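Me: I am a first-year student, and I would like to go through this model slowly, one question at a time. Could you take me through it with the reasoning spelled out?

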Amino acid sequence: MVTIHRAHGLRVIIFTDDHKPAHVHVFGDGQAKINLIGPDGDPALVWAEGMKANDLRRAMQLVRDQQDQFLTRWREIHG
């Protein structure tokens, strides 16, 4: 597991032994899995567990804002 970003009390990670499609896991009070490229090209929520609505909105915005950088990190880790 590699922490690729921290902000607003959230930690964004990529598991080194994970699978496609390219996605990140965001941890705060709970956790969420967010695909980096959804059907419309924007990040898409896969699931969230135990995360407050405000934290989830913040996580989605964070991934939207850093989408290109996170995709670069995914490719560095997974090829």
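Reply: Please keep in mind that this is a predicted model. A good place to begin is with strand β1 (residues 2–7) and strand β2 (residues 10–14), which are joined by bridges and run antiparallel.

Me: How many bridges join β1 to β2?
Reply: Two strands are said to pair if at least two bridges are found between them. For β1 and β2, which run in the antiparallel sense, the number of bridges is 5.

Me: Which residue in β2 does His5 stand opposite?
Reply: The two strands form a hairpin, with 2 residues between them. Across this antiparallel pair of strands, the residue of β2 that stands opposite His5 is Val12.

Me: Which residue in the turn between β1 and β2 has a positive phi?
Reply: The residue lies in the loop between β1 and β2, and it is exposed, because its relative accessible area of 59% is over the 50% cut-off. Its phi is near 55°, a positive value in a residue other than glycine. The residue in the turn is His8.

Me: Where does the chain contain a cis peptide bond, and which two residues does it join?
Reply: One of the two residues, Pro21, has its place in the loop between β2 and β3. The bond has an omega of about 5°, and the residues that it joins are Lys20 and Pro21.

Me: Which residue of β3 does Ile13 stand opposite?
Reply: Strands β2 and β3 pair in the antiparallel sense, and 3 bridges are found between them. Within this pairing, the residue of β3 that stands opposite Ile13 is His25.

Me: What is the bridge partner of His25 in β4?
Reply: Strands β3 and β4 are antiparallel and pair over 5 bridges, and they form a hairpin with 3 residues between them. One facing pair is Phe27 and Gln31. For His25, the bridge partner in β4 is Lys33.

Me: Which residue of β5 is the bridge partner of Asn35?
Reply: Strand β4 also pairs with strand β5 (residues 44–49), again in the antiparallel sense, over 5 bridges. The bridge partner of Asn35 in β5 is Ala44.

Me: Why is β4 described as largely enclosed by the rest of the structure?
Reply: A residue counts as buried when its relative accessible area is under 20%. Strand β3 is mostly covered, with 4 of its 5 residues buried. Strand β4 is largely enclosed because the number of its 5 residues that are buried is 4.

Me: Which element gives the most residues to the largest nonpolar core?
Reply: This core has 20 residues, and those that touch the most other members are Val24, Val26, Ile34 and Leu36. The elements that give two or more residues to the core are β1, β2, β3 (23–27), β4 (31–35), α1 (53–65) and α2. Val24 is in contact with residues that include Ile4, Val12, Ile34, Val63 and Phe70, leaving aside neighbours within four places in sequence. The element that gives the most to the core, with 5 residues, is α1.

Me: Is Asp55 buried or exposed?
Reply: Asp55 is found in helix α1, where it touches Leu10 and Asp29, not counting residues up to four places away in sequence. Its relative accessible area is 12%, and the cut-off lies at 20%, so Asp55 is buried.

Me: How far apart in space are Arg58 and Ala32, C-alpha to C-alpha?
Reply: Arg58 has its place in helix α1 and counts as partly exposed, at 31% relative accessibility. Beyond residues up to four places away in sequence, Arg58 touches His8 and Leu10. Arg58 and Ala32 are 26 residues apart in sequence, and their distance in space is 11 Å.

Me: Which residue has its backbone oxygen 2.9 Å from a polar atom of the side chain of Gln67?
Reply: Gln67 lies in helix α2 (residues 67–78) and is buried, with a relative accessible area of 13%. Leaving aside neighbours within four places in sequence, its contacts are Leu36, Ile37, Gly41, Asp42 and Pro43. The residue whose backbone oxygen lies at that distance is Gly41.

Me: What sits over the ring of Phe27?
Reply: Phe27 stands opposite Gln31 in β4. At 5.6 Å from the centre of the Phe27 ring sits the charged end of Arg11.

Technical notes: Residues are numbered from 1 along each chain as its sequence is written. This is a predicted model: local features need pLDDT of at least 70, side-chain atom pairs count only at pLDDT 80 or more; totals for chains, interfaces and linings use all residues. Side-chain values use heavy atoms; hydrogens and water are left out. Buried means under 20% relative accessible area, exposed over 50%, partly exposed in between (1.4 Å probe, protein chains only). A polar contact is a pair of N or O atoms within 3.5 Å; within protein, one must be able to donate a hydrogen and the other to accept it, and residues adjacent in sequence count only if both atoms are side-chain atoms. Contact means heavy atoms within 4.5 Å. A charge sits over a ring if NZ of Lys or CZ of Arg is within 6 Å of the ring centre and within 35 degrees of the ring normal. A nonpolar core is a set of buried Ala, Val, Leu, Ile, Met, Phe, Trp, Tyr and Cys residues joined through side-chain atoms within 4.5 Å.
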